[in-house]
Structure formats: structure tokens, C-alpha cells
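This report covers salt bridges, a surface patch and pockets, in that order.

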Amino acid sequence: MINHVSIGVNDPIKVANLIAEIWNGYVFPFPPSPNSFLVVAGDGKGTAIEVTPINTVLVPGEGFPSETDFDLSTPTEEFEAKFVSTDFSPRFSATHIAVNTNLSEADVKELANREGWRTITANRG
């Protein structure tokens, strides 16, 4: 099961707040990436979306922590991926997600229209 995903957007707080509204969830600052937010669905499953600025990339860490001396108190930060700001801000990306909500289709479309976002009902039958 995938419990979270990171997405790059033009207006992280606006997008984070709208996702929280769709989920009836919560928005928190996301310190590993400046000007980013974590949206938590509150579904008891850890479902979350990290919303970062569009010009943020995730750079893999290098090396590996010792597996022989490892326990949950062993710091791994130096080996972990880092969120890095770049000069490139794509207008579009292939990143997309499908999320569940208790809102009706009409309610979701109303929220999207309020934000000026394009919506359609797709038929991929």
C-alpha cells in the first residue's frame, strides 16, 4: 500500500488546503522542504500528500547506514534523500493522483471551479 506521495505545485498552501478540504483532513508545515506542507487524510491509515513548490526535486542520498549496528535510534539523515530547490519550474508534469473523498462529485467540482481548476468527468470504459 502506498500511504503518501509528494507533488510539486505552483501554490503549495492553496493546494494543500484544498486537498484537506476534499479529505476533511489537516494541513501541517513540512520542514524537510521549505515552503511545503503535509496534508493528512485522518483516515487512520497514514494517508498523506506532501505538497512542495513546483521547482523542488528530491535528490537521493548517498551511501547506506550500517545494518549490523542499526536500531530505531540510529540517525539516518545523512543517507536520506533531500528536497532541493531548482531554477526549473515546469508548467506541466506527469504526476497525478486519484484520491477518495466522502464529498459528492458535484461538491468536488464546485471546489475545483472555485479555485479556477479545470474539471471533467472522465469515461475510460
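Lys109 is partly exposed, at a relative accessible area of 27%, where partly exposed is the range between buried (under 20%) and exposed (over 50%), computed with a 1.4 Å probe and protein chains only. The model is predicted, so local features need pLDDT of at least 70 and side-chain atom pairs count only at pLDDT 80 or more, while totals for chains, interfaces and linings use all residues. Residues are numbered from 1 along each chain as its sequence is written, and side-chain values use heavy atoms, with hydrogens and water left out.

Lys109 pairs with Glu105 in a salt bridge, defined as a side-chain nitrogen of Lys or Arg within 4 Å of a carboxyl oxygen of Asp or Glu. Both residues lie in helix H2, four residues apart, about one turn of the helix. Helices (H or I, at least four residues) and strands (E, at least two) are DSSP runs, numbered from the N terminus. Glu105 is also partly exposed, at 48% relative accessibility.

Salt bridges that share partners join Lys14, Glu21, Arg114 and Glu115 into one network. The whole structure has four salt bridges; the table lists three of them.

| Pair | Closest N to O distance |
|---|---|
| Lys109 and Glu105 | 3.5 Å |
| Lys14 and Glu115 | 3.5 Å |
| Arg114 and Glu21 | 2.9 Å |

Arg114 lies in helix H2 and Glu21 in helix H1, so this salt bridge ties together parts that are 93 residues apart in sequence. Arg114 is partly exposed at 47% relative accessibility, and Glu21 is partly exposed at 37%.

A salt bridge also joins Lys14 to Glu115. This pair links distant parts of the chain, 101 residues apart: Lys14 is in helix H1 (residues 12–23), and Glu115 is in the segment after helix H2 (105–114). Lys14 counts as partly exposed, with 31% relative accessibility.

On the surface, Val57, Val59 and Val84 make a nonpolar patch of about 180 Å². Patches are made of residues with over 30% relative accessible area and no salt bridge, with like charges joined within 9 Å and nonpolar side chains (Val, Leu, Ile, Met, Phe, Trp, Tyr) within 5 Å. Accessible areas come from the Shrake-Rupley method with a 1.4 Å probe, and for residues only the protein chains shown count as cover. Val57 belongs to strand S5 (residues 56–59) and is partly exposed, at 37%.

The largest pocket holds about 1600 Å³ of space. A pocket is an open set of points on a 1 Å grid over the protein atoms alone, with protein on both sides within 12 Å along at least five of seven lines; lining residues have an atom within 4 Å of a point. Of its 32 lining residues, the closest to the centre are His96, Ile97, Trp117, Arg118 and Thr119. Strand S1 (4–9), H1 and H2 each supply at least two residues of this lining, and H1 gives the most, with five.

The second largest pocket has a volume of about 490 Å³. Its lining has 22 residues, and Trp23, Asp43, Thr47, Val99 and Asn100 are the closest to its centre. S1, H1 and strand S4 (48–53) each supply at least two residues, with H1 again giving the most, at three residues.

Conventions:
1 Å grid on protein atoms, 1.4 Å probe; cavity = no way out; pocket = protein on both sides within 12 Å on 5 of 7 lines; lining within 4 Å. Points joined across faces, edges and corners; volume = space filled by probe spheres on them.
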